[in-house]
Amino acid sequence: MSLDLSDVTLTYPDGDDRLTALDHVTLHVPRGTLTAVAGPSGSGKSSLLAVAATLVTPDAGTVSVDGVTTTGLSRAELTGLRRRTIGIVFQQPHLLPSLTALEQLQLMASIDGRSPAGARGRALELLAAVGLADRAGRRPHQLSGGQRQRVGIARALMNEPTLLLVDEPTSALDHERGAAVVDLITRLTRERGTATVLVTHDRTHLRAADRIVEVDDGRLGDPPSGSGTSVGYRPQGGVTATMSG
Ligand SMILES: Nc1ncnc2c1ncn2[C@@H]1O[C@H](COP(=O)(O)OP(=O)(O)OP(=O)(O)O)[C@@H](O)[C@H]1O
């Protein structure tokens, strides 16, 4: 199970016209792999994430998460699907200032209708997995930028998502901390078997990605065979494959 975008087109209103943000995009991301999405500003990277997150419905094409085709689901069904299967890491983690790292994660369980006490074990395990076992009681202002981003990553994994969507996680970090955060996301992708999509401007962090796809003016970079805009998964054994057109 995985993320599948099939022939997805997304347009936005643009005066009397429509602006095409995604143009017949097909992308398959299997579980346990990380696909990095690179491309210039305005090329459609955030639109791709928003469609994958089921936050935006495309004009045409289908989106499947974990084998469930999202087109045609009601708003309530989409909300349920998102809670159960999708974790999102934002550019800035947007932590609540008054809560400790542990409580930020427990809050996710409460939103999902589960008891914070019952979620404590999983929250502590995830904080340990991101290297913050000894910071569980700290509030955001007592953590560094990189540590706050790690809390955001642990929080995204709280509900055991199968799809992990990561938007420019390194934009507020220096190069070394940014590389460490991408390495962490790559490791968690493999350990927890998520289908991970990571949007970035900075290709220097992407050594460990299974694939890099290039978005240019709403289109994915052609694979070397030149067969349309479809980019299929090709196991690379951890070797980065750049598929620019
Ligand atoms: N809500 C919207 N309404 C109208 N046009 C939009 C909207 N959101 C994005 N766009 C346009 O769609 C195109 C793709 O935008 P998108 O945000 O997906 O690009 P991006 O690659 O993520 O850019 P950046 O790297 O600057 O964040 C751009 O031309 C943008 O101006």
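Two residues are taken to be in contact if their C-beta atoms, placed from the backbone, lie within 7 Å. On that footing, among contacts in the chain between residues at least 6 apart in sequence, 70% join residues at least 24 apart. The model is a predicted one. Its secondary structure adds up to six helices and twelve strands, and buried residues account for 38% of the 245 residues in the chain.

The strands at the start of the chain make a good way in. Strand S1 (residues 2-14) and strand S2 (residues 17-30) form a hairpin with two residues between them. In the turn sits Gly15, with a positive phi of about 65°. The two strands run antiparallel and are joined by ten bridges. Ser2 has Pro30 of S2 as its bridge partner. Is Pro30 buried, exposed or partly exposed? There are 15 other C-beta atoms within 10 Å of Pro30, so this residue is partly exposed; the cut-off for buried is 20 or more, and for exposed 12 or fewer. Going from Pro30 to Val130 takes 100 residues in sequence, and the C-alpha atoms of the pair are 23 Å apart in space.

S1 also pairs with strand S4 (residues 60-65), again running antiparallel, through five bridges. Here Thr9 stands opposite Ala60 in S4. S4 in turn pairs with strand S5 (residues 68-69) in the antiparallel sense, over two bridges, and Val65 faces Val68 of S5. S4 and S5 make a hairpin with two residues between the strands, and in it Asp66 takes a positive phi near 60°. Taken along the pairings, then, S2 is joined to S1, S1 to S4 and S4 to S5.

A second set of pairings centres on strand S8 (residues 195-199), where five of the five residues are buried. How are the two faces of S8 covered? On one side lie Ala195, Val197 and Val199, on the other Thr196 and Leu198, and all of these are buried. S8 has parallel pairings with two strands. Strand S3 (residues 33-38) runs parallel to S8 and is joined to S8 by five bridges, with Thr33 standing opposite Ala195. Strand S7 (residues 163-167) likewise runs parallel to S8, with five bridges between them, and Leu165 stands opposite Val197. Two residues from one side of S8, Ala195 and Val197, thus turn up in these pairings, Ala195 opposite Thr33 and Val197 opposite Leu165.

Turning to the helices, H3 (residues 101-111) packs with H4 (residues 116-129), their axes coming within 8 Å and crossing at roughly 130°. H3 and H4 are therefore oblique to each other, an angle of 145 degrees being the one to pass for roughly antiparallel. The crossing is right-handed. From H3, the residues that meet H4 are Ala101, Leu102, Leu105, Gln106, Ala109 and Ser110; from H4 come Pro116, Ala119, Arg120, Ala123, Leu124, Leu126 and Leu127. By class, this contact has ten nonpolar, two polar and one charged residues.

Ala109 of H3 is worth a look of its own. Which residues does Ala109 touch, not counting those up to four places away in sequence? They are Arg114, Pro116, Ala119 and Met158; Pro116 and Ala119 also appear on the H4 side of the contact between the helices. Ala109 has 19 C-beta neighbours inside 10 Å and so counts as partly exposed, given that 20 or more are needed for a residue to be buried. Ala109 and Arg120 are eleven residues apart in sequence, with 9.2 Å from C-alpha to C-alpha.

The other helix pair considered here is H5 (residues 145-156) and H6 (residues 175-192), whose axes are 10 Å apart and whose packing angle is about 20°. H5 and H6 are therefore roughly parallel to each other, as angles under 35 degrees count that way. Their crossing is right-handed. H5 contributes Gly146, Gln149, Arg150 and Ile153 to the contact, while H6 contributes Arg177, Ala180, Val181, Leu184 and Ile185. These residues divide into five nonpolar, two polar and two charged.

Methods: Residues numbered from 1 in each chain as written. Predicted model: local features only at pLDDT ≥ 70, side-chain atom pairs only at ≥ 80, totals over all residues. Helix = DSSP H or I, 4+ residues; strand = E, 2+ residues; numbered from the N terminus. Axes fitted to C-alpha atoms, helices over the stretch in contact; angles between N-to-C directions. Parallel < 35°, antiparallel > 145°, perpendicular 65-115°, else oblique. Left-handed = near helix turned anticlockwise from the far one by under 90°. Nonpolar A, V, L, I, M, F, W, Y, C, P; charged D, E, K, R; others polar. Pairing = 2+ DSSP bridges.
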